[in-house]
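Let's take a walk through a protein together, one piece at a time. Have the picture open while you read.

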Amino acid sequence: AGSVAGSMQGGMLPLDRLGCVVTVMDFPFDGDGIRRTLGEVMQRFGTLGQPLKMIKGRTGRFNAIVEMQTPEQASRLVQGLDGASYNGEILRAMAAVPQNGGEGRQDF
């Protein structure tokens, strides 16, 4: 069996798919409108492998988690959204990476 990473929903993601996961951080709220708009913007960079999820962070702000079809699409998404402005907020985007070089199971 291949190595897997834990997901925010408690499921498992094969580590070879981890490079396809992108987190876009720092939304002040969650709602259908923001999910729809952000999902449409993300699709400009490639195909979403899984639906967009919004997760409330420790700061009380929300982070969007999405799995793109390929690592290349994830990279384009990060390049396109990192530092972009959304409703006056500056977004931060980053691809998920294993914390110990990809060995064993990792949370992200």
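What follows is a tour of this model, from the overall layout down to single residues.

**The big picture**

First, keep in mind that this is a predicted model. The protein has three helices and nine strands. If you read along the sequence, they come in the pattern β-β-α-β-α-β-β-α-β-β-β-β. Of the 108 residues in the protein, 36% are buried. The protein exposes about 6,200 Å², and carbon and sulfur atoms supply 48% of that area.

How do the contacts spread along the chain? Take the contacts between residues at least 6 apart in sequence: 59% of them join residues at least 24 apart.

**The open sheet**

Now look for the sheet. Four strands form an open sheet in the order 4-5-3-8, with antiparallel pairing. Which strands stand at the edges? They are strand 4 (53-56) and strand 8, and each has a single partner strand, so one side of each is left without a neighbour in the sheet. Neighbouring strands here are turned by 25° against each other on average, direction ignored.

Here is how the strands pair up, with one pair of facing residues for each.

| Strands | Bridges | Residues that face each other |
|---|---|---|
| Strand 4 and strand 5 | four, antiparallel | Met 54 and Ala 64 |
| Strand 3 and strand 5 | five, antiparallel | Val 24 and Ala 64 |
| Strand 3 and strand 8 | four, antiparallel | Thr 23 and Met 94 |

Ala 64 of strand 5 turns up twice: it stands opposite Met 54, and it is also the bridge partner of Val 24.

Strand 3 deserves a second look. Six of its seven residues are buried, so strand 3 is largely enclosed by the rest of the structure.

**An exposed residue on an edge strand**

For a contrast, go to Lys 56, which lies in strand 4. Is Lys 56 buried or exposed? With a relative accessibility of 56%, Lys 56 counts as exposed, because the cut-off for exposed is over 50%. Leaving aside residues up to four places away in sequence, Lys 56 touches Arg 61 and Phe 62. Lys 56 and Phe 29 are 27 residues apart along the chain, and their C-alpha atoms are separated by 8.7 Å.

**Helix 3 and its two sides**

Next, find helix 3, which covers residues 71-81. Which residues of helix 3 are buried? They are Gln 73, Ala 74, Leu 77, Val 78 and Leu 81. These residues cover an arc of only 140° around the axis, which puts them on the same side of helix 3. There's a handy rule behind this kind of pattern: an α-helix has 3.6 residues a turn, so residues three or four places apart point the same way. On the other side of helix 3, Glu 72 and Gln 79 are exposed.

What covers the buried residues of helix 3? The cover includes strand 3 (21-27), helix 2 (32-43), strand 5 (62-67) and strand 8 (92-95). Three of those names should be familiar, as strands 3, 5 and 8 also belong to the open sheet.

Let's zoom in on one residue of helix 3, Gln 73. Gln 73 has a relative accessible area of 13%, and it counts as buried because the cut-off is under 20%. Not counting residues up to four places away in sequence, Gln 73 touches Phe 45, Gly 46, Thr 47 and Met 68.

Just after helix 3 comes Gly 83, which takes a positive phi of about 90°.

**A pair of rings**

How many aromatic pairs does a search of the whole structure find? The search finds one. Phe 27 and Tyr 86 form this pair, and it is edge-to-face, with 5.8 Å from centre to centre and 75° between the planes. Phe 27 lies in strand 3 and Tyr 86 in strand 6 (residues 85-86), so the pair ties together parts that are 59 residues apart in sequence.

Are the two partners buried or exposed? Phe 27 is buried, at 1% relative accessibility. Tyr 86 is buried as well, with a relative accessible area of 16%.

**Looking back**

Try finding three things again in the picture: the open sheet in the order 4-5-3-8, the buried side of helix 3, and the edge-to-face pair of Phe 27 and Tyr 86.

Methods: Residues numbered from 1 in each chain as written. Predicted model: local features only at pLDDT ≥ 70, side-chain atom pairs only at ≥ 80, totals over all residues. Heavy atoms only, no water. Buried < 20%, exposed > 50% of the residue type's maximum accessible area, 1.4 Å probe, protein only. Contact = heavy atoms within 4.5 Å. Areas by Shrake-Rupley, 256 points an atom, 1.4 Å probe, with all protein chains shown as cover. Arc of directions from axis to C-beta. Pairing = 2+ DSSP bridges. Axes fitted to C-alpha atoms, helices over the stretch in contact; angles between N-to-C directions. Phe/Tyr/Trp six-rings, centres within 6.5 Å; stacked < 30°, edge-to-face > 60°.
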